[in-house]
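Here is a short note for a colleague new to this structure. The points below go through the DNA strands and then one pocket.

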There are 2 protein chains.
Amino acid sequence: MKTSNHSPTALLRAHGLRVTPQRLAVAEYVLRKPMHVTARIVHEKIRESYPAISMNTVYLTLGQFERCGLLNRFEVHGNIVFDSNTSPHDHACCNRCGAIIDLDSPRSEPSEQAAPLPEQLRQWQIKAERRIWMGLCPACNAESVL
Amino acid sequence: MKTSNHSPTALLRAHGLRVTPQRLAVAEYVLRKPMHVTARIVHEKIRESYPAISMNTVYLTLGQFERCGLLNRFEVHGNIVFDSNTSPHDHACCNRCGAIIDLDSPRSEPSEQAAPLPEQLRQWQIKAERRIWMGLCPACNAESVL
DNA sequence: GTGGTAGATAGGATGTATTCCTATAAAGGA
DNA sequence: TCCTTTATAGGAATACATCCTATCTACCAC
Ligand SMILES: [Mn+2]
Ligand SMILES: [Mn+2]
Ligand SMILES: [Zn+2]
Ligand SMILES: [Zn+2]
């Protein structure tokens, strides 16, 4: 079993990216498990172990990871969110606390669209479909009743 | 037939908004037909006939219209877009030229969700569902082939 | 009509997320 | 080890949205 192929270092190499401490730190934090992060969150987190990292590097690195297919990007409430779960899925976002959760989409296979492509888009070249439910998460909903 | 009830003036009054020249100008431009506009676009347009209007007033007015249910707000590519088509529908957006089109959703009645509410959201209080297809519109797609 | 008051506007200041620029530093191949 | 290419840090620049406040005005009561 070649675990080296799954290490962050090997992952970077496999995508033609030079292995730098900054990229390793970002990869180890972001790609470890499915998560939703903003550039600011990544910056704050990485600085704990790598205080000199700049915001610019975080943006560049996340953008590269996106271009490599290691991350997806979407927006919610005007913020850019990076998603390390790259399989097709939908989201729900709490309007109050900002929590974002993954939804198990009812798609039988990854390439399948969640919904049939509307008639009007027959001439379009569709790259992505985004679905997001907005509202109050259970915790915030309970608070708002008080 | 009381057409006055459908005039912009009557519309503002019906929603408890004072009738000012600025609000009238915005209402006449934005609520005339279904459209997607940003605050910047509204500002530029209104200034043609009302050069003194400020960006701040445009933001305030659009926000008030939204709270009255006369407009919906969503985001695309980091920009806030106001939609004067307030019936439930989905969108497609061109990644290249930014064009946004309405999609006839396959919803039999306005209150119906376009897709069944996912199991995981049973405890949530959902306020809105957003669906957007991203890609290249026919015109931009043709250009990209050249 | 007039006057008073609550609400609206203009203009500018402020905040914040993202991108751009550039000199320096470092990765990795020869 | 050296060299070339690429990455990084830091700061400037941009762009959008919101906040603040003095002035103005719509409109209601009289
Ligand atoms: Mn996700
Ligand atoms: Mn629309
Ligand atoms: Zn919440
Ligand atoms: Zn286009």
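1. A polar contact here is a pair of N or O atoms within 3.5 Å. With that cut-off, a backbone N or O atom of Ala52(A) lies 3.3 Å from a phosphate oxygen of DNA strand D. Keep in mind that this is a predicted model.

2. Two further polar contacts involve DNA strand D. In the side chain of Asn56(A), an N or O atom is 2.5 Å from a base oxygen of the strand. A polar backbone atom of Ile80(B) is 3.1 Å from a phosphate oxygen of DNA strand D. Helix H2 (21-30) and H4 of chain A, with H4 and strand S3 (79-83) of chain B, each give two or more residues to the surface near this strand.

3. Which residues come nearest to DNA strand D? Out of 20 around it, they are Thr20(A), Arg23(A), Asn56(A), Thr57(A) and Tyr59(B). Of the strand's atoms within 4 Å of the protein, 74% are sugar and phosphate. H4(A) gives the most to this surface, with 3 residues. By class, the surface near DNA strand D has 8 nonpolar, 8 polar and 4 charged residues.

4. Now DNA strand C. There are 19 residues around it, and Tyr59(A), Thr20(B), Arg23(B), Asn56(B) and Thr57(B) come nearest. Sugar or phosphate makes up 72% of the strand's atoms within 4 Å of the protein, and bases make up the rest. The residues of this surface are 8 nonpolar, 7 polar and 4 charged.

5. What do the side chains of chain B reach on DNA strand C? For Thr20(B), a side-chain N or O atom is 2.7 Å from a phosphate oxygen. For Gln22(B), the partner is a sugar or linking oxygen, at 2.7 Å. For Asn56(B), the partner is a base oxygen, at 2.4 Å. Elements giving two or more residues to the surface near DNA strand C include helix H2 (21-30) and helix H4 (55-67) of chain B. The largest share, 3 residues, comes from H4(B).

6. The second largest pocket has a volume of about 270 Å³. It is lined by 16 residues, and Val37(A), Thr38(A), Asn79(A), Ile80(A) and Val81(A) are the closest to its centre. Strand S1 (36-37), helix H3 (39-49) and S3 of chain A each give two or more residues to the lining. S3(A) has the largest share, 4 residues.

7. The lining of this second largest pocket divides into 10 nonpolar, 5 polar and 1 charged residues. At least three residues come from each of domain 1 (8-82) and domain 2 (88-137) of chain A.

Notes. Residues numbered from 1 in each chain as written. Chains lettered and ligands numbered in written order. Predicted model: local features only at pLDDT ≥ 70, side-chain atom pairs only at ≥ 80, totals over all residues. Heavy atoms only, no water. Near = heavy atom within 4 Å. Polar contact = N/O pair within 3.5 Å; in protein donor to acceptor, adjacent residues only side chain to side chain. Nonpolar A, V, L, I, M, F, W, Y, C, P; charged D, E, K, R; others polar. 1 Å grid on protein atoms, 1.4 Å probe; cavity = no way out; pocket = protein on both sides within 12 Å on 5 of 7 lines; lining within 4 Å. Points joined across faces, edges and corners; volume = space filled by probe spheres on them. Domains from an automatic or database assignment.
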